[in-house]
Amino acid sequence: MSLFFTLTIACYIASSLGYQAYVLFQKRPVYRIASILLWVGFLCHTSVIALQYFKTGHVPVQNLHETLSTFGWAVVGVFLILQIKFNLMVLGALVAPLATLSVIIASILPGPPVEIGPLFKSLWRTFHIGTLIVGNAAFAIAFLVGILYLIQEKAIKDKKRGFFFRRLPSLKLLDSMGYTCLIAGFPMLTFGIITGVIYAQMVRGRFWSWDPKEIFAVITWLVYAALLHERLAVGWQGRRAALMTIAGFVILLFTFFLRFLG
Amino acid sequence: MTEKRDIVIIGLNHKTAPVEIRERLAFPSEDTAKVLEAMRQETYVDEIILFSTCNRVEFLFTTQDMPKAVEAVKDFVAKFKKTPRDVFEQALYVYNGEEAVQHIFRVASSLDSMVVGEPQILGQIKEAYQEASNHRTCGVILNRLMHRSFSVAKRVRTETGIGGHAVSISYAAVELGRKIFDVLEGKAVLLIGAGEMAELAVEHLVTNRASPIFVANRTFERGLEIAERFKGTAIRFEEICDYLKQVDIVISSTGAPHYILVRDDFKGVMRARKNRPLFFIDIAVPRDIDPEINHIDNVYVYDIDDLKSAIQENIDERQREALRAERIVDEAVVMFLRWVQSLDVVPTIVALRDKIEEIRQAELKKTFASMASVSEESRAAIDRLTAALVKKILHDPTVFLKQSGHKDKKSLYIDITRKLFNLDAQNNRKPDMG
């Protein structure tokens with residue numbers, strides 16, 4: 001494990017703790033420290049991925065170790081970009097631990113040697129998995145935002161103005177943030193699946209082979225497509241949209257692991 | 001016959017009774033007249049005022065026989081509201097004398113309010129007093145008590161920071177609105193009914209740039225009037241359901257005895273409004289909005305009790321200021337009770353006799369000093385003459401004051417007597433505050 005990767009994990013852990021402390025004590029300086037730590041961790045992480053890329057000539061998404069690490073990186077990246085628009089401070093308390101968890105699992109997993117295929121094929125593969133990972137990161141954040149939405153919604157419905165009510169932002173903000181994640185993630189997912197199909201054609205000589213991971217990928221796509229359609233056409237929002245976002249991510253997660261474990 | 005006239009308050013409020021009971025016992029303004037007229041006929045009750053707001057129902061009265069009067073009031077409420085006594089008896093509190101005076105001062109000063117320091121209660125009490133005055137159920141004691149409570153409330157407001165922090169129903173509404181809509185700018189508001197509290201809430205929303213404003217009132221003209229104030233649009237009461245499709249915040253405050261919106265009214269509404277959230281603020285007691293509606297997705301219904309918890313935090317701040325206010329109240333209570341005690345018959349008669357006797361002695365002394373030659377016998381005769389004169393003059397007033405019978409006028413006569421003869425001038429130089 002490289003020094004930078006260790007540094008990344010350390011920063012993510014510290015940042016996670018910082019965000020938790022911010023949620024608890026609501027002190028702005030604590031938030032700033034946590035935020036800076038996340039940025040530092042993200043830059044370290046970026047350099048790890050860049051180094052790997054220059055070493056192997058591939059975006060490191062060839063095995064579960066690399067993919068999880070890249071996923072964690074993408075989650076943090078998407079979160080940091082979203083923060084510019086939404087500045088949803090408490091979300092860090094969920095995102096940072098998620099990123100931490102994925103890099104820690106990645107660090108435990110062995111990184112088996114990567115067989116390098118013909119460049120053209122691996123380029124498609126890189127595109128395929130790369131876009132899927134960024135899309136998944138967006139969906140992961142949509143999922144976390146959905147959880148926050150449900151918590152806040154319940155607080156308002158049940159008229160319990162407690163811990164979360166005061167700390168969480170408005171339903172409107174959570175809802176539109178979830179929506180933004182969704183419209184960012186969906187094209188990525190679509191593109192990832194299309195490139196996957198093309199890649200399958202190149203490797204196996206056929207586009208579609210009815211294997212479970214393909215089927216689940218399509219199911220995931222359908223769930224998100226349905227959600228997006230409902231949102232756009234009927235104006236679905238709020239609790240049901242949040243529930244469906246959460247359900248979508250669970251299926252997505254299943255598909256994700258199916259790819260590596262199945 | 002007992003001379004003692006007691007000030008009694010019997011009632012329930014938001015602390016002792018849940019909204020279900022309060023809405024059952026609340027007296028809408030059109031009933032107040034009936035209640036006051038009925039209570040005027042009541043043997044044991046002398047003067048009386050009825051307070052009925054969303055948070056409290058209280059009878060303030062004077063009586064010579066407190067236990068019987070309390071029973072009479074309870075029976076009356078049970079009968080009038082067709083509600084068995086055991087439903088509300090648990091929630092009732094009864095105060096008399098010092099406690100009652102303190103209670104009414106605290107209520108007027110908004111120390112007993114759900115939102116401590118909220119300014120509306122004083123207006124409501126003034127209205128209740130006005131109503132009682134119109135029906136002549138207030139006598140000298142309650143008149144004085146009410147005027148005192150107004151001045152106490154004013155002192156509390158100006159000398160403490162009790163009204164300083166912005167906590168009120170309207171504040172809570174805005175805060176909750178922000179938690180739902182993030183910004184209130186451009187959110188359409190519908191006001192159903194009228195009422196000070198509801199209109200304040202609308203005003204607060206308007207300052208937060210909510211717009212447009214719609215007003216629905218049973219009487220369209222009244223709706224127009226209110227709508228004009230907010231530069232809004234008046235709509236017909238029957239149109240409410242249509243407008244649910246386009247408004248975002250509904251503030252309801254009607255005197256309707258039943259729900260004006262139930263779950264069935266929402267068929268197709270959420271679909272038509274593309275599931276945009278809808279926020280109901282139900283200030284009315286009895287409630288206007290069926291609580292079931294809160295179960296619809298993206299619809300949030302807050303009634304007056306829910307708002308209670310919504311403002312809890314800021315209340316703590318006011319609580320500290322309230323301690324200072326309590327001192328002002330206690331001071332006023334002592335002053336008031338001193339005055340009430342002076343209204344007893346016996347001390348008044350004694351004071352009256354003492355005063356006249358004092359005058360007689362002073363005049364005798366003056367007279368005798370200027371006529372040194374007068375015999376002892378003549379002096380005794382003059383002394384007897386003046387004594388008899390005083391006795392004869394005081395006989396009728398004394399009998400009159402001692403007479404039982406004129407039940408609610410007695411305090412008035414005593415008060416007049418004391419003023420007529422300036423009986424309070426020596427012992428109580430400071431006219432009791434205000």
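In helix α8 of chain B, the residues B:Ile169, B:Ser170, B:Ala172, B:Ala173, B:Val174, B:Leu176, B:Gly177, B:Lys179, B:Ile180 and B:Phe181 are buried. The helix is thus introduced as mostly covered, with 10 of its 13 residues buried. The structure discussed here is a predicted model. From its first C-alpha to its last, α8(B) reaches 18 Å, close to the 18 Å expected at 1.5 Å a residue. Just after the helix comes B:Asp182, whose phi is positive, near 70°.

A wider look at chain B helps to place this helix. Chain B contains 18 helices and 10 strands, and buried residues make up 53% of its 434 residues. Among the contacts in chain B with a separation of 6 or more, 74% are accounted for by residues 24 or more positions apart.

The meeting of the two chains comes next. Here, 25 residues of chain B are in contact with 24 residues of chain A. The size of an interface is often given as the accessible area lost when the parts come together. For chain B and chain A, about 2100 Å² is buried between them, 43% of it on carbon and sulfur atoms. On the side of chain B, B:Lys179, B:Asp297 and B:Tyr300 lose the most area to chain A, and together they supply 31% of what that side buries.

Charged and polar pairs can also be followed across this boundary. Between chain B and chain A there are three salt bridges. B:Asp297 forms a salt bridge with A:Arg239, with the closest N and O atoms 3.1 Å apart. The count of residue pairs in polar contact between the chains, both at pLDDT 80 or more, is 16. The elements of chain B that give two or more residues to the side touching chain A are α8 (169–181), β10 (299–303) and α13 (304–310). Of the contributions to this side, that of α8(B) is the most, with six residues. By class, the side of chain B that touches chain A has 10 nonpolar, five polar and 10 charged residues.

Salt bridges are found well beyond the interface, too. Over all chains, the structure holds 36 salt bridges. One of them joins B:Lys15 and B:Asp112, whose closest N and O atoms are 3.0 Å apart. This pair links distant parts of the chain, 97 residues apart: B:Lys15 sits in the loop between β1 (6–13) and α1 (19–25) of chain B, and B:Asp112 in the loop between α5 (97–108) and α6 (120–134). B:Lys15 is exposed, with a relative accessible area of 53%, whereas B:Asp112 is buried, with a relative accessible area of 4%.

Helix α1 of chain B takes part in further links of this kind. The side chains of B:Arg22 and B:Asp305 meet in a salt bridge of 2.9 Å, N to O. B:Arg22 lies in helix α1 of chain B and B:Asp305 in helix α13 of chain B, so the pair ties together parts that are 283 residues apart in sequence. B:Arg22 is buried, at a relative accessible area of 1%. B:Glu23 forms a salt bridge with B:Arg287, and the closest N and O atoms are 3.7 Å apart. B:Glu23 is in helix α1 of chain B, while B:Arg287 is in the loop between β9 (278–282) and β10 of chain B, 264 residues apart. Both partners count as buried, B:Arg287 at 9% relative accessibility and B:Glu23 at 18%. Salt bridges that share partners also join B:Lys15, B:Arg56, B:Glu58, B:Arg106, B:Asp112 and B:Glu326 into one network.

Helix α2 of chain B offers two residues for a closer look. B:Thr32 is located in helix α2 (residues 29–40) and is buried, with a relative accessible area of 11%. The side chain of B:Thr32 reaches the backbone oxygen of B:Ser29 at 3.2 Å. Leaving aside neighbours within four places in sequence, B:Thr32 is in contact with B:Phe27, B:Leu50 and B:Glu131. B:Val35 is also found in helix α2 of chain B, and B:Val35 counts as buried because its relative accessibility is 0%. With the same neighbours set aside, the contacts of B:Val35 include B:Phe59, B:Phe76 and B:Phe80.

Methods. Residues are numbered from 1 along each chain as its sequence is written. Chains are lettered from A and ligands numbered from 1 in the order in which they are written. Side-chain values use heavy atoms; hydrogens and water are left out. Contact means heavy atoms within 4.5 Å. Buried area is the accessible area (1.4 Å probe) that two parts lose on being put together, summed over both. A salt bridge is a side-chain nitrogen of Lys or Arg within 4 Å of a carboxyl oxygen of Asp or Glu. A polar contact is a pair of N or O atoms within 3.5 Å; within protein, one must be able to donate a hydrogen and the other to accept it, and residues adjacent in sequence count only if both atoms are side-chain atoms. Helices (H or I, at least four residues) and strands (E, at least two) are DSSP runs, numbered from the N terminus. Ala, Val, Leu, Ile, Met, Phe, Trp, Tyr, Cys and Pro count as nonpolar, Asp, Glu, Lys and Arg as charged, and the others, Gly among them, as polar. The expected span of a helix is 1.5 Å times one less than its number of residues. Buried means under 20% relative accessible area, exposed over 50%, partly exposed in between (1.4 Å probe, protein chains only).
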